[in-house]
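Here are some exercises to work through with the model open in your viewer. Try each one before reading the solution.

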Amino acid sequence: MRLYLPDSNILRALRGTNISLILDVGNEQLASLAASASDAAAWVQANVHPHDDVNIKYIAVGNEVAGNDRENILPAMQNVNGALAAAGLGGIIKVSTAVQSGVVTGFPPSQGAFSASYVGTIAQYLASTGAPLLANVYPYFAYVDNQPNVDINYALFASSGAVVQDGGNAYRNVFDALVDTIYSALEGAGAGSVEVVVSESGWPSAGATAATKANAQTYNQNLIDHVGRGTPKRPGGIETYIFAMFNEDNKTEKHFGLFNLDKSPAYPITF
């Protein structure tokens with residue numbers, strides 16, 4: 001599960017379940033955590049320490065951070081790591097940040113590179129701590145933003161054969177191509193040991209281009225069935241989080257949920 005803020009009610013509900021959790025630090029808190037080790041210690045004391053019976057696996061220091069706040073990501077990560085170490089949790093809970101796939105550029109996937117230097121610096125820090133890079137990967141947006149050049153079947157894991165041949169690697173879906181572009185960028189930044197954890201992926205069921213229940217069900221079911229096999233560049237399982245559990249009525253993107261607000265399924269899905 002992923003929580004975008006440390007909601008105490010949800011954290012209490014997760015006690016003793018052993019459900020692995022990504023817990024986010026809100027973007028609005030990055031500046032204070034970057035500037036002050038004591039603020040980072042206070043955040044850990046308030047949001048991690050009381051929940052030692054919750055399986056917090058990763059702390060995401062910011063989500064798709066934009067603008068000047070990007071310079072706060074790394075020092076905030078360092079301070080949170082220091083606070084966890086002081087609390088006896090160093091190395092047990094991994095500290096990372098969540099980026100969108102737009103932080104990389106290059107085609108085919110073997111030509112992937114980070115489009116901004118700050119990501120490469122973060123990647124090198126992750127390599128030193130053994131933490132993964134959290135990446136929000138959306139073939140949906142790759143399709144919607146480039147419909148003349150991206151076939152919807154390629155985005156939905158429904159292509160009948162290889163669409164992109166990259167040396168010895170054949171790509172039959174956008175998801176693998178996006179993830180392997182990130183892996184190539186990590187290698188180019190000297191951080192090839194860093195694993196990619198897909199911290200968001202999904203497809204909307206209404207309210208936007210190509211947003212139907214059929215497409216959403218197809219994408220998410222195929223995603224579930226696919227990620228255990230890995231990518232052409234990195235065979236093996238890809239830890240992946242579906243966005244999102246519920247349709248959300250107070251967001252611009254209202255219809256990404258597997259469930260409706262009344263907890264009924266938005267469409268059938270099998271894990």
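A residue counts as buried when its relative accessible area is under 20%, as exposed when it is over 50%, and as partly exposed in between. Keep in mind that this is a predicted model.

**Exercise 1. Work out how enclosed helix α8 is, check its length, and look at both of its ends.**

Solution. Start with the burial cut-off: under 20% relative accessible area. In α8, 13 of the 15 residues are buried, so the helix is largely enclosed by the rest of the structure.

Next, the length. The helix covers residues 174-188, and at 1.5 Å a residue its 15 residues should span 21 Å. The expected span uses one less than the number of residues, so don't multiply by the full count. The end C-alpha atoms are 21 Å apart, which agrees.

Now the ends. At the N-terminal end, asparagine 173 acts as the cap, with a side-chain oxygen 3.3 Å from the backbone nitrogen of phenylalanine 175. After the helix comes glycine 190, and its phi is positive, near 75°.

**Exercise 2. Place glutamate 200 in its strand and find the polar partners of its side chain.**

Solution. Glutamate 200 sits in strand β10, which runs over residues 196-201. Is it buried or exposed? Its relative accessible area is 6%; the cut-off is 20%, so glutamate 200 is buried.

Then go after the polar contacts. The side chain of tyrosine 138 makes one with the glutamate 200 side chain at 2.6 Å. The side chain of arginine 2 makes another, at 3.5 Å. Leaving out residues up to four places away in sequence, glutamate 200 also touches other residues, among them Tyr4, Asn63, Tyr241 and Phe243.

**Exercise 3. Trace how β3 pairs with β2 and with β4, and say how enclosed β3 is.**

Solution. Take β2 (residues 21-25) to begin with: it pairs with β3 in the parallel sense over five bridges. One register point is valine 25, whose bridge partner in β3 is valine 61.

Move on to β4. Its pairing with β3 is parallel too, over four bridges, and here alanine 60 stands opposite serine 96.

Finally, burial. β3 spans residues 56-63, and seven of its eight residues are buried, so the strand is largely enclosed by the rest of the structure.

**Exercise 4. Classify glutamine 100 and list its contacts.**

Solution. Glutamine 100 belongs to strand β4 (residues 94-100). At 38% relative accessibility, it counts as partly exposed. If you skip residues up to four places away in sequence, glutamine 100 touches Glu64 and Asn136. For a sense of distance, alanine 83 is 17 residues away in sequence, yet the two C-alpha atoms are 26 Å apart.

**Exercise 5. Decide how the overall dimensions of the protein compare with the globule rule.**

Solution. Count the elements to start: there are nine helices and 11 strands. The radius of gyration is 19 Å, close to the 18 Å that the rule gives for 271 residues, so the protein is as compact as a globular protein of that length. The C-alpha trace spans about 55 × 45 × 30 Å along its principal axes.

Round this off with surface and contacts. Of the 271 residues, 48% count as buried. The protein exposes about 12100 Å², with carbon and sulfur atoms supplying 50% of it. Among contacts between residues at least 6 apart in sequence, 65% join residues at least 24 apart.

Terms used: Residues numbered from 1 in each chain as written. Predicted model: local features only at pLDDT ≥ 70, side-chain atom pairs only at ≥ 80, totals over all residues. Heavy atoms only, no water. Helix = DSSP H or I, 4+ residues; strand = E, 2+ residues; numbered from the N terminus. Buried < 20%, exposed > 50% of the residue type's maximum accessible area, 1.4 Å probe, protein only. Polar contact = N/O pair within 3.5 Å; in protein donor to acceptor, adjacent residues only side chain to side chain. Contact = heavy atoms within 4.5 Å. Rg over C-alpha atoms; globule rule 2.2 N^0.38 Å. Areas by Shrake-Rupley, 256 points an atom, 1.4 Å probe, with all protein chains shown as cover. Pairing = 2+ DSSP bridges.
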